[in-house]
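I set out to record, entry by entry, what I looked up in this structure. The entries follow the order in which I took up each topic.

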Amino acid sequence: MENRKVVIIGAGIGGLSAGYWLSQRGYDVEIFEALDRPGGRMATIEHKGDKVDVGAQFFHSNYRYAFDLIDAMNLRSRLVEIKGKVKFAFSDGATGVFIPHSFFIQGLGLAKNLKLYRFMLKHIILAHRPPMYRIEEANPEFDDMEALEAFEAPKDLRLRDVISSITLASNMSEPEWMSLYHFIALLRIDMFTHYYSMVGGISMLAEELAKHLSIRYETPVRQLVMDKGRVVGVQLDKDGSVKRAGHVIVAAAARSVGRLLPDELAQQREFFNSITQAPLPMPVFFLDRPVSRDLWAYFNEPGLKRTFSFVEDHLVKCPAMIPSGKGVVSAWSCYPHTLDLVDRPDEEIIKQALSDIEPILPGVSSWVDEARVFWHKEAGMGHYPPGSYRKVLDFKQKARELRGVSFVSDILGGCFMEAAMVSAAEAVRRVCGWGGTAY
Ligand SMILES: Cc1cc2nc3c(=O)[nH]c(=O)nc-3n(C[C@H](O)[C@H](O)[C@H](O)COP(=O)(O)OP(=O)(O)OC[C@H]3O[C@@H](n4cnc5c(N)ncnc54)[C@H](O)[C@@H]3O)c2cc1C
């Protein structure tokens, strides 16, 4: 590329990692970010010295680009493995507990645990395993099916509850909004990796990367600028000025990208607009006491389809982040229930969250020292209803033909930080031929 100026839209982990790799290779990188901070959906809040991740929660042990950058930023010593247990609620009133890496869900019963093992043996261990954190293949049979369709027998009831809890926790969606193909990909990650928190907050990775880059905060981009069928720059929202570049990397969440694309890119606009994604409020409750010594996640009974489906106790998740030693509980709302919250004031969201989590933590409402709502105003998690992988593949194929522009998006690889980075490495490859180091 003759013109070595690269403009990146968005200082989330996708834009930051693309920017870092390119600037290391001598490119003149400028990042425009709408917010006043880096990290996008990686965010941390603080209350009296206690720190809580209110966006991305942990790194899976099989991330490669993320760990490369964690090392480059000297953050490895801050990683702490999450060791707490997870509590499930079943539709028949019983409860179950999952101990990480025990591969046994107590309360589910031997027969159902065996059925889950058989499923993993058939679809993960003995099956063809597609690449991780990038969507390269679609198996129409499973891509067109809902996750729960594989567990339809009436006696599978408790297993269906566990499957639902996995879809809620791993991709923040009800199981009807997840294809079986995506469920298998998630199960492979959930069951076979270790989970790592970062003392100080996951967003530290973004903050450290940002220090190496030229970023203009509170400077949203209005749209891409094209000339003779090629993207040649971006127009800024504030003053309408145009910043020209040899290459533009669009690294905003899918929900925002549609607004940036001119009519010449109508096909790509249609793809991003079709992604199921909603803004996400995250209520956090700082409590006056610890709740448990070893449970870090609790589920509501999935069949009740409450607005808030599960909670995390951040004290158990990563004690080193909560010096007060008191419970800090976040309440998680999943798609499509998230849609009901979009226009509601914080006080109502707090009330709704407390009423929804009271059955799993009886008495919690009277232990609250302070309640806060953190908003992911732009977008929360993207989802993968049946047919999604095919759609992503079609998009990727056509996007390769575009000139002057690359799209970095976690939606192209399963909605993880690592997926955003894999996609960023592909954009860097388009700009300078770098092959990436990790995959
Ligand atoms: C609640 C929650 C929990 C999660 N938990 C995990 C987890 O445990 N592990 C994991 O791996 N992943 C998790 N994820 C997913 C992970 O956070 C994302 O996959 C990843 O952070 C996406 O990074 P990104 O750079 O693609 O997008 P983003 O982080 O969304 O960054 C995009 C940036 O673009 C900016 N922007 C948008 N429009 C414009 C514009 N017009 N002009 C300029 N800037 C613009 C935005 O302000 C934003 O900063 C979670 C996500 C959520 C919401």
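**Entry 1: the parallel sheet**

I began with an open sheet of five strands, whose order is 11-2-1-15-21 and whose pairing is parallel. I noted that this is a predicted model. I then looked up the edges of the sheet and found strand 11 (215-216) and strand 21 (405-407), each of which pairs on one side only. For strand 21, I checked the pairing with strand 15 (residues 247-250): the two run in the parallel sense over three bridges. Within this pair, I found isoleucine 249 opposite serine 406 of strand 21.

**Entry 2: the antiparallel sheet**

I next turned to an open sheet of three strands, in the order 12-13-14, with antiparallel pairing. Here strand 12 (221-227) and strand 14 (242-244) are the edge strands, each pairing on one side only. I looked up the twist as well: with direction ignored, neighbouring strands of this sheet are turned by 35° against each other on average. Strand 12 and strand 13 (residues 230-236) run antiparallel and are joined by six bridges. I asked which residue of strand 13 is the bridge partner of valine 225. The partner is glycine 233.

I added a general reminder that strands of a sheet pair through backbone hydrogen bonds, in either a parallel or an antiparallel manner.

**Entry 3: a hairpin and lysine 48**

I examined strand 3 (44-47) and strand 4 (50-53), with lysine 48 in the loop between them. The two strands pair in the antiparallel sense over four bridges, and isoleucine 45 stands opposite valine 52 of strand 4. I recorded that the hairpin has two residues between its strands and that lysine 48 takes a positive phi near 50° there. I marked this entry since lysine 48 is a residue other than glycine with a positive phi.

**Entry 4: a cis peptide bond**

I looked up the peptide bond between tyrosine 335 and proline 336 and found it to be cis, with omega about 10°. Proline 336 is in the loop between strand 19 (328-333) and helix 11 (346-357).

For both of these entries I kept the general background in view: most residues other than glycine have a negative phi, and most peptide bonds are trans.

**Entry 5: helix 6 and two helices that meet it**

I asked at what angle the axes of helix 3 (residues 110-125) and helix 6 (residues 180-192) cross. They cross at roughly 105° and come within 10 Å. Angles of 65 to 115 degrees count as roughly perpendicular, and helix 3 and helix 6 are therefore roughly perpendicular to each other. On the helix 3 side I listed Met120, His123 and Ile124, which meet Ile184, Leu187, Arg188 and Met191 of helix 6. The residues of this contact divide into five nonpolar, one polar and one charged.

I then took helix 5 (residues 157-171), whose axis comes within 11 Å of that of helix 6 and crosses that axis at roughly 80°. That angle makes helix 5 roughly perpendicular to helix 6. Helix 5 contributes Ile166, Thr167, Ser170 and Asn171 to the contact, and helix 6 contributes Phe183, Leu186, Leu187 and Asp190. By class, I recorded four nonpolar, three polar and one charged residues for the contact of helix 5 with helix 6.

**Entry 6: the two domains**

I looked up how the protein chain is divided and found domain 1 (5-46 + 59-73 + 201-275 + 384-432) and domain 2 (80-198 + 277-376). Their C-alpha centres lie 28 Å apart. The contact takes 32 residues from domain 1 and 28 residues from domain 2. On the side of domain 1 that touches domain 2, strand 5 (59-60), helix 7 (204-210), helix 8, helix 12 (388-399) and helix 13 each supply at least two residues. Helix 12 gives the most to this side, with five residues. I classed the residues on this side of domain 1 as 20 nonpolar, eight polar and four charged.

**Entry 7: the ligand shell**

I closed with the residues around the ligand and asked which of the 37 come nearest. They are Gly10, Gly12, Gly14, Gly40 and Ala252. Helix 1 (13-24), helix 8 (254-260) and helix 13 (417-432) are the elements that give two or more residues to this shell. By class, I recorded 21 nonpolar, 11 polar and five charged residues in the shell.

Technical notes
Residues numbered from 1 in each chain as written. Predicted model: local features only at pLDDT ≥ 70, side-chain atom pairs only at ≥ 80, totals over all residues. Near = placed C-beta within 6 Å. Nonpolar A, V, L, I, M, F, W, Y, C, P; charged D, E, K, R; others polar. Domains from an automatic or database assignment. Contact = placed C-beta atoms within 7 Å. Pairing = 2+ DSSP bridges. Axes fitted to C-alpha atoms, helices over the stretch in contact; angles between N-to-C directions. Parallel < 35°, antiparallel > 145°, perpendicular 65-115°, else oblique.
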